[in-house]
Amino acid sequence: MERIAVYPGSFDPLTNGHIDLVERGLKIFDKVVIGVLNNKAKTPLFSVEERLEMIQNCFEGMENVEVDAFDGLVVDYARQRNASAILRGMRAVSDFENEFQMAMFNRRLNREVQTVFLMTGMRWIFTSSSGIKEVASFGGDVSGMVPPSIEKRLKEKFKTAYGGA
Ligand code: PNS
């Protein structure tokens with residue numbers, strides 16, 4: 001039977017840390033489904049459609065990676081996708097509390113789905129979508145933290161936001 005993991009997140013935007021985690025996940029699972037949360041309560045920088053397209057571009061040609069959007073509970077989505085696991089990345093200790101809480105909620109909601117934490121590579125320990133957005137918003141260099149295609153989209157987005165300045 002195919003072993004499927006759902007990798008849920010905001011991915012606003014996808015970073016090299018996320019890509020590293022998908023690659024690590026594929027060493028354990030046959031397929032990783034990247035689930036982009038369509039959170040109506042949040043105002044993301046990139047729309048869900050933009051994020052799906054940006055992520056799909058980064059994994060083009062990889063049949064064992066699927067990119068999809070979801071809303072509602074991640075455990076319901078995992079069941080819908082026949083996934084046995086929810087994949088999450090762990091960077092520093094600071095990630096632990098929130099991740100632990102989510103994993104426990106998810107276990108309480110569905111004991112059949114396991115949360116699997118993988119450590120990101122050391123290079124990506126300080127990489128976060130929010131940090132990248134902040135740096136990019138001030139015109140800082142984010143190359144090497146995101147794929148070039150995403151770096152370009154960030155530049156375009158902030159150029160538009162500041163009226164082409
Ligand atoms: O990239 P993020 O923003 O840290 O991802 C958070 C995410 C999407 C994994 C989390 O918000 C989530 O699973 N949301 C779906 C709602 C849900 O299932 N909540 C129960 C766990 S607390």
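In these legends, Ala, Val, Leu, Ile, Met, Phe, Trp, Tyr, Cys and Pro count as nonpolar, Asp, Glu, Lys and Arg as charged, and the others, Gly among them, as polar. Welcome to a short tour of a predicted model.

**View 1. The lining of the largest pocket mixes 16 nonpolar, 18 polar and eight charged residues.** This pocket has a volume of about 1,000 Å³. Of its 42 lining residues, Pro8, Gly9, Ser10, Arg88 and Glu99 are the closest to the centre. Several elements each give two or more residues to the lining: the strands are S1 (4–9), S4 (85–90) and S5 (114–119), and the helices are H1 (16–25), H4 (96–109) and H5 (129–137). Helix H4 provides the largest share, with six residues.

**View 2. The ligand sits in the largest pocket.** Look around the ligand and you will find Gly9, Ser10, Leu37, Gly72, Leu73, Val74, Arg88, Met102 and Asn106. This shell is made up of four nonpolar residues, four polar ones and one charged one. By the grouping given at the start, Arg counts as charged, and the shell includes Arg88.

**View 3. Oxygen atoms of the ligand pair with polar atoms of serine 10, valine 74 and arginine 88.** At serine 10, an N or O atom of the side chain is 2.6 Å from an oxygen atom of the ligand. Arginine 88 also takes part through its side chain, where an N or O atom lies 3.0 Å from a ligand oxygen. Valine 74 uses its backbone instead: a polar atom there is 2.8 Å from an oxygen atom of the ligand. How much of the ligand's accessible area does the protein cover? On its own the ligand has 550 Å² of accessible area, and the protein covers 71% of it.

**View 4. The loop between S1 and H1 holds phenylalanine 11 and proline 13.** Start with phenylalanine 11, which has a positive phi of about 50° although it is not a glycine. Then follow the chain to the peptide bond that joins aspartate 12 and proline 13. Is this bond cis or trans? The bond is cis, with omega at about 5°. The two elements on either side of this loop, strand S1 and helix H1, each give two or more residues to the lining of the largest pocket.

Terms used
Residues numbered from 1 in each chain as written. Predicted model: local features only at pLDDT ≥ 70, side-chain atom pairs only at ≥ 80, totals over all residues. Heavy atoms only, no water. Near = heavy atom within 4 Å. Polar contact = N/O pair within 3.5 Å; in protein donor to acceptor, adjacent residues only side chain to side chain. Areas by Shrake-Rupley, 256 points an atom, 1.4 Å probe, with all protein chains shown as cover. 1 Å grid on protein atoms, 1.4 Å probe; cavity = no way out; pocket = protein on both sides within 12 Å on 5 of 7 lines; lining within 4 Å. Sits in = over half its atoms within 2 Å of the grid points. Points joined across faces, edges and corners; volume = space filled by probe spheres on them. Helix = DSSP H or I, 4+ residues; strand = E, 2+ residues; numbered from the N terminus.
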